[in-house]
Amino acid sequence: MSSGDETPDLDVGDGAPVDFERLSLIAERLGNDTRFLRIKESPPTPPDRLVCVFDPALYPASVEEARLDVVWFENETFSIHYHESHAESEFDYRWDRHPSTHNALDHIHPGPDAPTPGEDAHHPTDWRDVLSTVLNEIEDRQCGFWTD
C-alpha cells in the first residue's frame, strides 16, 4: 500500500519530453474546481507530473485519500492515473495514450487494480475532452459511494 505522498511510476516509454506548459494549463483549469483540495505541479518526486488531491468530503471515511496523477507529453501521449487509498486496500484506474506492447495506442487499465494488459479504448483528441471524460468517470465512482 502506498502513502499519500507516493506517486506511481507511469510507464509511457516513448521518450517524448514532458509538456510542462500543458500540465500548467491543466493545473490552472483544475485549480478552479472545488473537487480538489490541492494541486501540486512538478512535485519533488517525481517532478514530471501534476498531482491533484481530491477533497475528502467527496468520499466516505473509508477512503483515506484520492488523487489524480497526470503526465502529458509534447507528442500528445499521456498517462492519467486515478488512485484511492483505503485502510486495507487500494483502487487504481489509468487512462493511457502511448505506444506499448500490451495494448493499442489508446487504452485503459480499469479498476480496481489497473492490470496490464489493459483494454483498448478510444480517447478524445483534445486534451480538454480527455480531462472531461476522466473527471466524469471519476465522478460516477464518487457518486457510487453514496448510492450503494
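Here are a few exercises on this predicted model, each with a worked solution.

Local features are taken at pLDDT of at least 70 and side-chain atom pairs only at pLDDT 80 or more, while totals for chains, interfaces and linings use all residues. Residues are numbered from 1 along each chain as its sequence is written, and side-chain values use heavy atoms, with hydrogens and water left out.

**Exercise 1. Work out which residues of α1 are buried and where they sit around the helix.**

Start with the terms: helices (H or I, at least four residues) and strands (E, at least two) are DSSP runs, numbered from the N terminus. Buried means under 20% relative accessible area, exposed over 50%, and partly exposed in between (1.4 Å probe, protein chains only). With those cut-offs, the buried residues of α1 are R22, L23, I26, A27 and L30. Now look down the axis of α1: these buried residues fall within an arc of 140 degrees (taken from the directions from the helix axis to the C-beta atoms), so they line one face of the helix. Flip to the face turned away from the buried side and you meet the exposed E21 and E28. Last step, the cover: β1, β2, β3 and α2 are among the elements over the buried residues of α1, with contact meaning heavy atoms within 4.5 Å.

**Exercise 2. Check the span of helix α2 against its residue count.**

The expected span is 1.5 Å times one less than the number of residues. Helix α2 covers residues 127-147, which is 21 residues, so it should span 30 Å. Its end C-alpha atoms are 30 Å apart, which agrees. As for what is tucked away, the buried residues of α2 are W127, V130, L131, V134, L135, I138, Q142 and G144. Their cover includes α1 (20-31) and the strands β1 (36-41), β2 (50-54), β3 (63-72), β4 (78-86) and β5 (90-97).

**Exercise 3. Trace the strand partners of β5 and say how enclosed β5 is.**

Two strands pair if DSSP finds at least two bridges between them. First, β4 and β5 pair in the antiparallel sense over eight bridges, and a hairpin of three residues joins β4 to β5. Along that pairing, S85 stands opposite E90 in β5. Next, β5 runs antiparallel to strand β6 (residues 106-109), with four bridges joining them; here D96 has H107 in β6 as its bridge partner. Finally, seven of the eight residues of β5 are buried, so β5 is largely enclosed by the rest of the structure.

**Exercise 4. Classify the ring pairs F54–Y59 and Y82–F91.**

Rings of Phe, Tyr and Trp (its six-membered ring) pair if their centres lie within 6.5 Å; planes under 30 degrees apart count as stacked, over 60 as edge-to-face and the rest as tilted. By this rule the count comes to seven aromatic pairs. F54 and Y59 sit 6.2 Å centre to centre with 75 degrees between the planes, an edge-to-face pair. For Y82 and F91, the centres are 6.2 Å apart and the planes are at 70 degrees, so this pair is edge-to-face too. How buried are these rings? F54 has a relative accessible area of 2% and Y59 has 6%, so both are buried; Y82 and F91 are buried as well. Together with F36 and F145, these four form one aromatic cluster.
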